[in-house]
Amino acid sequence: MRRLVITCLTLTLLAGCGMDDSTDPLQVTDTLTAATPATSPPATTPPAGTVHPAPPTQHTAYDRDTHTLVLAAGPQLHLIDTTTGNRRTLDLPAPPATIHAQHGQVLAALPDAHQITRIDLRTTTAHPTPVAGAPVDAIDLDPQRTAVALRDTGTITILDQGQPGTTTEKFPGPAQLLHHAGQLYVLDRLTTAITPINTTTGDKGAGLRAGEGATNTTQDRYGRILTIDTRGQALLAFSTDPLILKQRYPVPGAPYALAYDPTTDTAWVTLTATNELVGYDIAGGEPRETHRIPTISQPDTITIDPDTRTLYIASANGAGYQVVRM
């Protein structure tokens, strides 16, 4: 009976239950607050692997082509060659809200500078594109088109060769974007929901609640959307054809950062309340814990080199970054 009640509530929320058109059916309160990581206690267990010095870090990314680890610390990017240990830094005009690394470049969204910036990792040069509306995330859909989530306007805009194209509205807190099979998926941290968008027309599909306080998301090789519900302390898995919640697995300890290893089908989740990293095998019918590793304090961000199965965990309070080879 409990399962039936939850299903009916979800359907009611999505249908709007007779609400007027100005009401977001996924918004259950007038006061929206995004979930945040827990404040970590001091680390009492020595972290696994090796720890290197780094300033307080908000975001990490790894580029396979240049073997570069990217740490975003305020408005500065730290570029670390993982084969030689050589370090470079690049100053940006504002802190990035997100960074993505692939094919020898970083794509960063800088909301306070109202721009997205591409950084060539081989030459350490930045190439900015002005985007009004405070971009908080940007991903390339193809060589010509880039999807951008805008904080100030609550919209998703698709740039075509740098020029505004289709725009999709009414996202109170767009935070992260994913792209799969011609669909764009928006994680909204304020409504804690995932919503699909047609990348050709800009039409918004039916959104789906993502727990009690979703914070971070990624994709696996099956096309599923993996999402951390920090407030609800769970790992969620959504299918995308159609968008349906397939799995909800409890993850106590204030889960926050998320990375996926396609070579082992492992979802790696940091626990900010306990300074731990947990690995889950997600190839089966439900996640199965396979690893539990002590981390540095405040492990708010993680990335992975899937070629060497090396994990990079960075601290948001200045405890450095941790390298764990599995």
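## Fold overview and the setting of N216

Among contacts between residues at least 6 apart in sequence, 42% join residues at least 24 apart. The model is predicted. Its secondary structure comes to one helix and 28 strands. The radius of gyration is 19 Å, close to the 20 Å that the globule rule gives for 326 residues, so the protein is as compact as a globular protein of that length.

Overall values for the protein are collected here.

| Property | Value |
|---|---|
| Span of the C-alpha trace along the principal axes | about 60 × 50 × 35 Å |
| Share of the 326 residues that are buried | 50% |
| Exposed area | about 14,500 Å² |
| Share of the exposed area from carbon and sulfur atoms | 52% |
| Distance between the mean positions of the 22 positive and 31 negative charges | 5 Å |

One residue now serves as a local view. N216 is found in strand β18, which covers residues 214-219. Is N216 buried or exposed? Its relative accessibility is 12%, and buried means under 20%, so N216 counts as buried.

The side chain of N216 has a polar partner. It makes a polar contact with the side chain of R189, at 3.2 Å. R189 also appears in the wider list of contacts of N216, which leaves aside neighbours within four places in sequence. That list includes Q176 and L187. L226, T227 and I228 are in contact with N216 as well. Y256, A257 and L258 complete the list.

Technical notes. Residues numbered from 1 in each chain as written. Predicted model: local features only at pLDDT ≥ 70, side-chain atom pairs only at ≥ 80, totals over all residues. Heavy atoms only, no water. Helix = DSSP H or I, 4+ residues; strand = E, 2+ residues; numbered from the N terminus. Buried < 20%, exposed > 50% of the residue type's maximum accessible area, 1.4 Å probe, protein only. Polar contact = N/O pair within 3.5 Å; in protein donor to acceptor, adjacent residues only side chain to side chain. Contact = heavy atoms within 4.5 Å. Rg over C-alpha atoms; globule rule 2.2 N^0.38 Å. Areas by Shrake-Rupley, 256 points an atom, 1.4 Å probe, with all protein chains shown as cover. Lys, Arg positive; Asp, Glu negative; His and termini not counted. Charge placed at Lys NZ, Arg CZ, Asp CG, Glu CD.
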